[in-house]
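Biologist: I would like to learn how to read a model like this one, step by step. Could you take me through it?

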Amino acid sequence: MKRPYSLIAFMGLGFLLGLATMNLFQMHTLDRLYRVQHQLTNQIIDKDIKLERLNDSIKKNNTVFVKDIKIHLNFEGNLLLKDMIEDNIRFFLSDLVGKELADIDGEMIYKILNNRIVEIENKNINLSINYLIISETINISVNARVIDS
Amino acid sequence: MLAFYQNILYNFFISLGVMIGGCLFGGIAATFNGHPPLKTMLDLCEKIKIWAIIVALGGTFPSFKVLEIGIFNGEIRGLVKQVIYILSALLGAHIGYRLIYYLESSGPL
């Protein structure tokens, strides 16, 4: 009767010691990540305040600017790869944010992205545009598929 | 006399164990709670240092009783013994504190 209890005690102690050791090895990484998270949160708060002020000043000037880009990506595959493709598309379009709506050339956006082949993690990915709506928020729908290299 | 040395060792290691154990397991709790473990360990270290000494001495009142007898009844031997016990517990707690403190500057293990 005594033996099962001692086994449980050994397992419990081993578990706790394992937890402590694992924590000891990872605590620096965890602390660094929490610090980075804290810094990024502060940056977001700071940028939100700046953006709010900028929006207020734009409203006073009565000019329409592009405020945001929304990418609707159709991709059947790994979600991380999907995020990378989205980042890639955002990189091409990021300059449009802040421009006057009258200056936006829709055809140019179409030509930049349609049938473009991007290379992500040694994979060739073909992009084709479904639709493009140009307003204060640019909405763009893109189909992405991996092509054999 | 042997009991005296044994008590010194007991006090030293109990306070050291309270410090290291408390901080390590507090760090685990911090990880589970989504708080930075190293920072929590260092905060805990400062908080529980004095309690580690008290735990090692087995509560505050017997020690103070001996101190009172030592001072007012001239029982110097008991007084000195008690002071040495307190010092050994203090040393154990301080070494535990330093061990955790230096862990911070060790970088990733």
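Modeller: Gladly. Let us begin with contacts: two residues are in contact if their C-beta atoms, placed from the backbone, lie within 7 Å. Keep in mind that this is a predicted model.

Biologist: Among contacts in chain B between residues at least 6 apart in sequence, what percentage join residues at least 24 apart?

Modeller: The share is 69%. As for the elements behind those contacts, chain B has 4 helices and 0 strands, in the order α-α-α-α from the N terminus.

Biologist: And how do I read burial? What part of chain B is buried?

Modeller: Burial is a count of neighbours: a residue is buried if 20 or more other C-beta atoms lie within 10 Å of its own. In chain B, 32% of the 109 residues are buried.

Biologist: Where is the largest nonpolar core, and which helices supply it?

Modeller: A core joins buried nonpolar residues through C-beta atoms within 7 Å. The largest one here has 24 residues, and those with the most contacts inside it include M19(B), C45(B), A52(B) and I100(B). Helix 1 (2-33), helix 2 (37-57) and helix 4 (76-104) of chain B each contribute at least two residues to this core. Its largest share, 9 residues, is from helix 2 of chain B.

Biologist: What does C45(B) touch, leaving out residues up to four places away in sequence?

Modeller: Its partners are M19(B), C23(B), Y97(B), I100(B) and Y101(B). Another core, of 10 residues, lies apart from the largest one, with V66(A), I85(A), I138(A) and I140(A) among its members.

Biologist: Let us stay with helix 2 of chain B. Which of its residues are buried?

Modeller: First, the general idea: an α-helix has 3.6 residues a turn, so residues three or four places apart point the same way. In helix 2 of chain B, the buried residues include M41(B), L44(B), C45(B), I48(B), A52(B) and A56(B).

Biologist: Where is the kink in that helix, and how far does the helix reach?

Modeller: The kink is about 45° and is centred on I48(B). From first C-alpha to last, the 21 residues of helix 2 of chain B reach 29 Å, close to the 30 Å expected at 1.5 Å a residue. Just after this helix, G58(B) has a positive phi of about 80°.

Biologist: How many residues of each chain meet at the interface?

Modeller: Here 11 residues of chain A are in contact with 12 of chain B. On the chain A side, they divide into 7 nonpolar, 3 polar and 1 charged.

How values were computed. Residues numbered from 1 in each chain as written. Chains lettered and ligands numbered in written order. Predicted model: local features only at pLDDT ≥ 70, side-chain atom pairs only at ≥ 80, totals over all residues. Buried ≥ 20, exposed ≤ 12 C-beta atoms within 10 Å, placed from the backbone. Nonpolar A, V, L, I, M, F, W, Y, C, P; charged D, E, K, R; others polar. Expected span 1.5 Å × (residues − 1). Bend = angle between axes of the 7 residues up to and from the residue.
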